[in-house]
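Colleague: Could you take me through one part of this model up close? Pick a single helix and show me what surrounds it.

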Amino acid sequence: MAALRGRRLAHLLVGPGGGGGGGFSFLTAGSMTNITPMINHLHHHPLQRVARRRPYHSIHSGVGRTPVLAAGNLSLETPVFCVWGANTSVGKTLVSAGLAASARRQSKPMFYLKPVQTGFPDDSDAAFVGAKAGGTLVTMGEHASVAAGTKASATERPIADGGARYNFWSHTQFAWRQAVGPHMAVSEEGRAVSDASLLAAITEHLAQFADYVAGSTPGFFDKGDSGVALVETAGGVCSPGPSGTLQCDLMRPLRLPAILVGDAKLGGISTTITAMDVLAMRGYDVIAVVVPDGGGGLGNGEAIARYARTHGVPTVTLPRIPERNIMTSCDGEDIRRWLVDGAEVFDDLLERMMTWHNDRVTRLQAAPDVARAKLWWPFTQHDMVAREDVTVIDSRCGEDFGVYAPDVGGHGAGGLQLRFDGSASWWTQGLSKELQSRLVRAAAYAAGRWGHVMFPENAHDAALDAASGLLNGAARSWGQRVFFSDNGSTAMEVAVKMAIRTYYVRAGLIKGPESALEEAANLPQVQVLALDGSYHGDTLGTMDMQSPSVFTGPLQTPWYKPRGLFLTPPTLQMVKGRWVVRQPKHGVARGLDDEGAWGAEEATIGWPSRHEAFDWSTRDSSLLADQYRAGVEQVLDAAATASLERGAPPVAALVMETVLHGAGGMNLIDPLFQRTLIKVCKERGLPVVLDEVFAGIWRLGAEGAWELLGQTPDIACYAKLFTGGLVPMAATVTTEEVFDAFRGPTKQHALLHGHSYTAYPVGCAVAAEAMKMYRDPQANRNLIVAGADGRDVYATERGGLRIGGNVVEAHIRKQNDELAAAAESRSNDGGIGGGGSDSDGSDSGGSGGDGCDRDHGELSLRLREFWDEVAVRELSMLSNVKGVTAIGCVLAVEVDDGGGAGGYSSGATREIVVRLRAHSIQARPLGNVLYLMCAPTTDPSKCHALLRAVHREISAAAMGEDDDMW
């Protein structure tokens, strides 16, 4: 209970914080002006002392703890609806009043909330609704009371302070005097309100109502009715809130079911349909459209109904609304008559709303059973999934899931919790909620313009834009051709086909297009040089490029035939406060004489900072670099000898995940080892294929993960972050030399690979928009431009140097123009030539933080650090932590499972994952590795909070403590 009080107190301190609404206050409770009254209220809060029937605070979170007051969490015990307007002055408040009056007639407890009000106190929607419903306690928040000039009567807890004398409440939270848009009112009067504060206040008020009504004291509501709450917005659907954020975006975390009040005036058909589509495109459920058009003669109701009907949205027609005079709005006879005439319509509408809510709860409650009966989940043993282990996801908002949390006792409706998606929806999520609508718009535009068109020999803007985004971004300085596919595994299948053909040409096995068909019959079977623990997908070809593992066993891939020479790489990890390199126990490859190739001690003592492990100015000249080279040379020499003397398949390409092995356990490979591998393979003319499906496009803090190694590939694959997490899409990027290997006089010479949705326009358009936003300093505030002089230019001020966004944009625009011109020049010159030479000069040794080279143009882009290194160091010191990896968007903690086995099948992190749900974090571990992943656009402060939660729960697990001890 003490922990719960602490969480409520913390929320009250950071939540409502300064905002407003409108409404006359008939309440005389004292104002909370300092922390002491707050604490007293918390200890005597009715929400905590009443005998609740099914309180919101006891909805299930896995361990009995629930972050109930996290902004956006919503109880389903009491139906809540949001009243939107297609425009301003369309009658939203009249419709709210009609619904409130209907609730009064049916003796339903009712709470009306006006989060934002302007023109206050002369115009008060809360007072109007309260007057028309009758017997209503009308209150205002502290922010609104400033506008009203009556701060002494303010309350942040209208329901609790009102007690059992009322069962109807009408509250205004934030308010300004000027009768203008909220954003303009803030500009003129001040008293700004952040989006977070506004959402926190709404969450708090709705939680109070749900707790007090659903958990009422005996005799409070004889019928035990769940009541109904209405939240009314200000202006139209796209009207700005106090911060300037559009209300449809501002309110999106709550995703309240919508009642849309249509516009009955001339032009109202267009505004209403537009509003309906805007809400739908943002994922709102529109329960009904109410059109006060009766007798208007404009036909708005009929036209809107026809459109709404095609989308399954019912419409309700009311008489035309009377003029509402602000000063007489509470007792005008025309308004009273309008409400009386529409009473039956409002009763039917309220019943429809309640039915919709009940059906929603029923669907959510049944989802686990339906899923277990009908779905086949990937990477899941269904016999090990209990019903309570099924997570029902109602929605997603930016980086957060909207998760259904059942009632602990199993009898109530439960609620919805926002939880940070620690898996970034399986490593695809690239954008925060503020940018989500831009991707949705790009998808809608492409779907409306193209739908889908076949791709061979065709071109469209979406494909051209996506290709340009890659060639000027993640593949800048080396990439010249883009081949589109639908997922990372397919992209890798294509890449290996390309690499093998390139090898044949480089090795002289194909002497030219004219002789290729005759020489094809004598081409040898080949193998690739690859790394243990890598993962390139689940298709048959990519499986053969992976070393034997749980994924390639006979039960999984009966046709598995490893076609690789697999090296066991050294790894880099923070261990007890220092970044150290761990060498493979059995050397680079089993069965080879690798004496002298490993065992260098300089890296085992480690470095205090990760950046030192990527400092090529010192590491390239180290003893360990020489030993890595010697080991790789020995392996390739042995393979060449086996091919010549025993007919073993020759090594045709280097294939590896760049820097970080994802599915293999979030293992950070020693970058010096991978850098050396690429160098040696290039010197021998072997094509280099980098799997950047997971690591590329800003995942590790650089646009291309190859930048961290200071080495360019011949071929690289991109997916996941490619489209920001909205649609599946992948691409294989190559040099012109690789493309030239498929030129010839017949179709047989070409790359005969593809699928029906190749270069799907929707995917291409979304990818182009995502890559644009990653590089836009106004959208991605984590962007840093590193100048050639070593001086960092930050896109915004969040610690560090600040230079205006237009300056950063000019730098980026100049770099993009130079790169595009260079790429065109290389293309006109006929490609880069053969032999895998390092003609781009990337092997200069220059770097700017984690090896990002600054030799391609004047600037190098990277992301600021998300995970505080001091906090990461403290986490690594815990007794049950074997090591920590923190780079770019990824935080991975290897938990000691006691037996030392670890691996994919370990359950060491399961209990920790469950406990993290109480911190609003939904995670999915990789065996004994607990990882969290943010987006390239995530606010670093969010990552700090995530890191604190992880530290707390892993520390608690080490001490064997439960939550009551905190």
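**Helix α12 and the sheet beside it**

Modeller: Let's start with α12, where Asn-300, Gly-301, Ala-303, Ile-304, Ala-305 and Ala-308 are buried. Keep in mind that this is a predicted model. What do those buried residues of α12 pack against? Their partners are α11, β8 and β9. The helix spans residues 300-310 and lies across β8 and β9, with its direction at about 160° to that of β8. After α12 comes Gly-312, and its phi is positive, near 75°.

The neighbour, α11, covers residues 268-281. It lies across three strands, β2 (80-85), β7 (258-261) and β8 (286-294), and runs at about 165° to β7. So β8 turns up under both helices: α11 lies across it, and α12 does too.

Now for the sheet itself. It is open and built from eight strands with parallel pairing, in the order β4-β5-β3-β6-β2-β7-β8-β9. The edges are β4 (137-140) and β9 (315-319); each has a single partner strand, so one side of each has no neighbour in the sheet. On average, neighbouring strands are turned by 20° against each other, direction ignored. That puts β9, one of the strands α12 packs against, at an edge of the sheet.

Over at the other edge, β4 pairs with β5 (residues 168-175) in the parallel sense, over four bridges. Within that region, Val-138 stands opposite Ser-170 in β5.

While we're at β5, have a look at its aromatics. The whole structure has 15 aromatic pairs. One of them joins Trp-169 and Phe-209 edge-to-face, with 5.9 Å centre to centre and 75° between the planes. This pair links distant parts of the chain, since Trp-169 sits in β5 and Phe-209 in helix α9 (residues 195-214), 40 residues apart. Are the two residues buried or exposed? Trp-169 has 1% relative accessibility, so it counts as buried. Phe-209 is buried as well, its relative accessible area being 1%.

Next to Trp-169 in the numbering there is Phe-168, and Arg-104 lies over the face of that ring, 4.0 Å from its centre.

To pull it together: α12 packs its buried residues on α11, β8 and β9, β9 stands at one edge of the sheet and β4 at the other, and β4 pairs with β5, the strand that holds Trp-169.

Definitions and conventions. Residues are numbered from 1 along each chain as its sequence is written. This is a predicted model: local features need pLDDT of at least 70, side-chain atom pairs count only at pLDDT 80 or more; totals for chains, interfaces and linings use all residues. Side-chain values use heavy atoms; hydrogens and water are left out. Two strands pair if DSSP finds at least two bridges between them. Helices (H or I, at least four residues) and strands (E, at least two) are DSSP runs, numbered from the N terminus. Axes are lines fitted to C-alpha atoms, for helices over the stretch in contact, and angles run from 0 to 180 degrees between N-to-C directions. Contact means heavy atoms within 4.5 Å. Rings of Phe, Tyr and Trp (its six-membered ring) pair if their centres lie within 6.5 Å; planes under 30 degrees apart count as stacked, over 60 as edge-to-face and the rest as tilted. Buried means under 20% relative accessible area, exposed over 50%, partly exposed in between (1.4 Å probe, protein chains only). A charge sits over a ring if NZ of Lys or CZ of Arg is within 6 Å of the ring centre and within 35 degrees of the ring normal.
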